[in-house]
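Colleague: I would like to go through this model with you, one question at a time. Please keep the answers short.

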Amino acid sequence: MNGANDIAARLLRGETLTSAEFAVLAASSDETLEETLRAAAVERRKAVYGNKVYTRGLIEISSICKNDCLYCGIRCSNKNAERYRLDPDEIVKCAEEGYALGFRTFVLQGGEDPFFSDDVLVPLIKTLKTRHPDCAVTLSLGERSSESYKALFDAGADRYLLRHETATKAHYEKLHPPQMSFERRMQCLQVLRKIGYQVGAGFMVGSPFQTADDLGRDLAFLQSFQPEMCGIGPFIPHKDTPFRACPAGTLRLTLRLLSIIRLACPNVLLPATTALGTIDPTGREKGILAGANVVMPNLSPVRVRKKYALYDGKICTGEESAQCKDCLAQRMRAIGYEVVVDRGDCAKTIRN
Ligand code: SAH
């Protein structure tokens, strides 16, 4: 046990750990150690961001996807999935509504839908940035060419979320079909950074076949890459995927990893995700109390929400945007945090 405590002490001092050392922390279920990590993570987060929680208005623009990720409910081979795409006018309307509710970041997320070519996205991003010059536009639309990433950046997109999913090639290949490539995904993150985006990486906790060593590599990758944002949430099975019978990731491991990530990447914008709120009724509150500082309420039109089903049981699919926002603001207040009207950019990144 001393081993893990020594490693944790070095992480708390801001030292760089090896993936083997991170694996020890990821695997340790010692409660005292977990509490040490949690308290240090909260302190670190408070030093950088105070008790502010940033919100992002999530607009799920399409459930159409050409990819076939084995874990995902909107994979192309799921014939039961209900498909939709929002038209650009509707996306602008969602953002309008979000702006009135106090959102200053809009996240356009979707499957890899060929409809959303640069010819569609460039004018859309320009419209959003013209109407709301004080807002950030974040994209989460999967893998695209360097030219496309550049065109979208030049149109005004500020940030790009592209979870790396796993930093272990052999593990990546168990989660994705042969046409998808670990190297290409990792390369996309490098390209996005080079273009000038604020970049988000991340992974699912407890995804099928994941080991502590895999998590060790995820954490070491995050510490060296220092993404501006990092999305992690529990894997949750979807009934129409090959992983339907696999167990979901646990609350406890997700919270432990949130704390470790906060310590390894002190300035990172770290959401308490909807998936975390789905496996536990107060999962998002617990995520904030473990070191997260972002929540992402849904701004998608209610009629499509149930169709953006990446996993079973997703919460917040019935409420209007205003209700979602108020509910989360209330939940944050109840634990002593304040949801703010702010773009919520990353504090200057400390690179190791
Ligand atoms: N098409 C985009 C957006 C993907 S959806 C892209 O490729 O980046 C956003 C994230 O949801 C994914 O990166 C994945 O980590 C997560 N996700 C997908 N299926 C999930 C599941 N069954 N349980 C939990 N998270 C899931």
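Modeller: A disulfide is a pair of cysteine sulfur atoms within 2.5 Å. Keep in mind that this is a predicted model.

Colleague: How many disulfides does the structure hold?

Modeller: Take Cys69 as an example: the nearest cysteine sulfur, that of Cys72, is 6.1 Å away. A pair needs its sulfur atoms within 2.5 Å, and Cys69 is in no disulfide. For the structure, the number of disulfides is 0.

Colleague: Which cysteine sulfur is nearest to that of Cys94? And is Cys94 buried or exposed?

Modeller: Cys94 is in no disulfide either, with the nearest cysteine sulfur 12 Å away. That sulfur belongs to Cys324. Buried means under 20% relative accessible area. Cys94 has 5% relative accessibility, so Cys94 counts as buried.

Colleague: Which helix gives the most residues to the largest nonpolar core?

Modeller: This core has 100 residues, and Leu139, Tyr197 and Leu257 touch the most other members. The helix that gives the most to the core does so with 8 residues, and spans residues 251-264. That helix is α10.

Colleague: Which residues does Leu139 contact, leaving aside its neighbours within four places in sequence?

Modeller: Leu139 is one of the residues that touch the most other members of the core. Its contacts include Leu108, Ile125, Leu152 and Ala157. Also in contact with Leu139 are Arg159, Tyr160, Leu161 and Tyr197.

Colleague: What is the order of the strands in the open sheet of 6 strands?

Modeller: The pairing in this sheet is parallel. Its edge strands, which pair on one side only, are β2 (57-62) and β7 (229-234). On average, neighbouring strands are turned by 20° against each other, direction ignored. The order is β2-β3-β4-β5-β6-β7.

Colleague: What is the bridge partner of Arg159 in β6?

Modeller: Strand β5 covers residues 159-161 and strand β6 covers residues 198-205. These two strands pair in the parallel sense over 3 bridges. In β6, the partner of Arg159 is Gln198.

Colleague: At what angle does α10 run to β7?

Modeller: Two helices can be looked at together here. Helix α9 (residues 212-225) lies across β6 and β7, at about 170° to β6. Helix α10 packs on the sheet and touches β6 and β7. The direction of α10 makes an angle with that of β7 of about 165°.

Colleague: How many residues apart in sequence are the parts that Arg343 and Asp158 tie together?

Modeller: Side chains of opposite charge can pair when their charged atoms come close. The side chains of Arg343 and Asp158 meet in a salt bridge, at 3.8 Å from N to O. Arg343 lies in the segment after β9 (338-340) and Asp158 in the loop between α6 (146-155) and β5, so the distance in sequence between the tied parts is 185 residues.

Colleague: Which residues are linked with Arg343 in a network of salt bridges?

Modeller: The structure holds 29 salt bridges. Arg343 is partly exposed, at 22% relative accessibility, while Asp158 is buried, at 16%. The network links Arg343 with Lys129, Asp158, Arg159 and Asp345.

Colleague: Is Lys239 buried or exposed?

Modeller: Lys239 forms a salt bridge with Asp240, the closest N and O atoms being 3.3 Å apart. Asp240 has 19% relative accessibility and counts as buried. Exposed means over 50% relative accessible area. At 51% relative accessibility, Lys239 counts as exposed.

Technical notes: Residues numbered from 1 in each chain as written. Predicted model: local features only at pLDDT ≥ 70, side-chain atom pairs only at ≥ 80, totals over all residues. Heavy atoms only, no water. Core = buried A, V, L, I, M, F, W, Y, C linked by side-chain atoms within 4.5 Å. Buried < 20%, exposed > 50% of the residue type's maximum accessible area, 1.4 Å probe, protein only. Helix = DSSP H or I, 4+ residues; strand = E, 2+ residues; numbered from the N terminus. Contact = heavy atoms within 4.5 Å. Pairing = 2+ DSSP bridges. Axes fitted to C-alpha atoms, helices over the stretch in contact; angles between N-to-C directions. Salt bridge = Lys/Arg side-chain N within 4 Å of Asp/Glu carboxyl O.
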